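Biologist: Could you take me slowly through one part of this model, starting from a loop and going on to whatever the analysis lets us say about the contacts and the space connected with that topic?

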Amino acid sequence: MELKDYWLAMRHRWRVVVLIVALSVGAAALLTWQATPQYSSTASIFVSTSPSDTADAYQGNLFATQRVASYAELVGKRKLADQVANDLGTGMDPEVLQAAVSTSVNPDTVILEITATDPDPVVARDIAQAYAEALSDEVASLETPDGKTDPLIHASIVDNARVSESPVSPQPVRNLGLALVLGLLLGVGAGVLRELLDTSLSSTEDIAEVTSAPVLGRITADNAAARRPPGEVLTDATPWSESFRVLRTNMQYVEVDHDQKVFVVSSSLPGEGKTTTAANLAITLALAKQRVVLVECDLRRPLIASRLSLDDSVGTTSVLIGKVHLRDAMQQYADTGLWVLSSGPIPPNPSELLQSNAMEKLIGELRDDFDIVILDAPPLLPVTDAALLAAQADGALVVVRHGKTTRDQLSHAVERIEAVGGKAVGIVVNLAPAIKKGRSYGYGYGYGYYGYTTRPAPKDPHGKHGTPGRKPGKRNPKP
């Protein structure tokens, strides 16, 4: 990965970075707040000899320097801890004293420092002072030759232990700073790793790596708009309705050599919004005075009738088996000018019906009578229905869900279309995050429908002398 790729990964996964940093800093703050304050006190000891002249002083200094490290080791021994516990007279466990004391030797010097740490600053001072006095006596005992009264080396206390006013731990600034740095490192690593392992489609570049089909639309996520009747919300000036108008405009440049166009709308898997996209696209096209019909071809899990509040007693299956005439099965949705052919009764053999001669004849009739035919088909990967329809249509619009549909799923979906001689003419990204206002054109200018040059829509798409009057949502009466 290049530096630019890391930056893009951070932009895509900034929530992961922020979450890990927040958890790291929060954990550090909690541990710091719960930690018991510790105080330390230090006593300094100067190790020296008693030389008689300058030469002896030099040799004695070298000898004392070599001895200091050995005296530092004595502080950690059990014998000295027992003596200090006895001197303090507080009944402290010698093992506790050993854990509370540390030593340090300044390089190239004969100064040894004994540091004691305890939650009580007074106790810390007493322990450090007692250890310094005990070590001084122990050195004098060890360095006094047999038969002599004066030791060869003296361990003199040059700085008594004092009571500290501020704790040495915890250190909030240090702890939070380290947690921040550690959180950033972990967050960046997790973000980059997730970006590398994530195969979902979240950008135009991701889709371009899978298929050459252009991205015709980017439908923003708007739960409030999705719950309202499509005929009402698509006439409002909102980013959601505008995204469908943009899709409608881009549809003009698809299959420009055909006056009547038949498109299959499908997706890789269920739950990616193909039915909602098909219905809203058909309504948006009809609002621009196009002659449009929406056909429910998902004969397994039909949803269009319930979404548009239409009757589903007869529909596509009824026409295919010859039970009802096409003009009697179609309904008009509200005042949008859109004609809808719902699914009708769910058949036991949907695939056979969709690849029958009756289906081919139905598509031919609809192609002759409408400018645009939208076929809402089942998902491509679970069943073959959509691929069979794509072979009879002018092209397929594949709906992908932003951040959920994977590259492999889209690739296999397109392969299924192409395997039967069909063509994926465009990709529609659904449930995409809204673009920030500062990075897009505002909506203060108002919306207008994109212009289409079409012949006037006839009153009856199947007759020559007009359609009998009917209310929206009602079927034509039988002739």
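**A loop, a pocket and salt bridges**

Modeller: Pro382 is in the loop that runs between strand 10 and helix 18 (385-392), where helices (H or I, at least four residues) and strands (E, at least two) are DSSP runs numbered from the N terminus. The model is a predicted one, in which local features need pLDDT of at least 70 and side-chain atom pairs count only at pLDDT 80 or more, while totals for chains, interfaces and linings use all residues. Residues are numbered from 1 along each chain as its sequence is written, and side-chain values use heavy atoms, with hydrogens and water left out.

Pro382 has a relative accessible area of 48% and is therefore partly exposed, the classes being buried under 20%, exposed over 50% and partly exposed in between, with a 1.4 Å probe and protein chains only. Although Pro382 and Leu269 are 113 residues apart along the chain, their C-alpha atoms are separated by 7.0 Å.

Strand 10 itself (residues 372-376) carries Asp376, whose side chain meets that of Lys274 in a salt bridge at 3.2 Å, N to O; the term stands for a side-chain nitrogen of Lys or Arg within 4 Å of a carboxyl oxygen of Asp or Glu. Because Asp376 belongs to strand 10 and Lys274 to helix 12, this pair ties together parts that are 102 residues apart in sequence. Both partners count as buried, Asp376 with a relative accessible area of 0% and Lys274 at 7%.

Lys274 leads on to the second largest pocket, since this residue, together with Gly271, Glu272, Gly273 and Arg307, lies nearest the pocket's centre among 27 lining residues. (A pocket is an open set of points on a 1 Å grid over the protein atoms alone, where a 1.4 Å probe fits, with protein on both sides within 12 Å along at least five of seven lines; lining residues have an atom within 4 Å of a point.) Two or more lining residues come from each of strand 5 (215-220), helix 9 (223-227), helix 11 (239-251), helix 12 (274-287) and strand 12 (424-432), and helix 12 gives the largest share, 4 residues. In character the lining divides into 11 nonpolar, 8 polar and 8 charged residues, with Ala, Val, Leu, Ile, Met, Phe, Trp, Tyr, Cys and Pro taken as nonpolar, Asp, Glu, Lys and Arg as charged, and the others, Gly among them, as polar. The space in this pocket is about 470 Å³, the volume being that filled by probe spheres set on the points.

The pair in strand 10 and helix 12 can be set beside other salt bridges, of which the count comes to 14. In one of them Glu138 and Lys79 meet at 3.3 Å, N to O; Glu138 lies in helix 6 (residues 121-142) and Lys79 in helix 4, so the pair ties together parts that are 59 residues apart in sequence. Here the partners fall into separate classes, for Glu138 counts as buried at 12% relative accessibility, whereas Lys79, at 58%, is exposed.

Helix 4 (residues 78-88) also holds Arg78, which forms a salt bridge with Glu95, the closest N and O atoms being 3.9 Å apart. Since Glu95 lies in helix 5 (residues 94-100), this pair ties together parts 17 residues apart in sequence. Arg78, with a relative accessible area of 40%, is partly exposed, and a network of salt bridges links Arg78 and Glu95 with Asp82.
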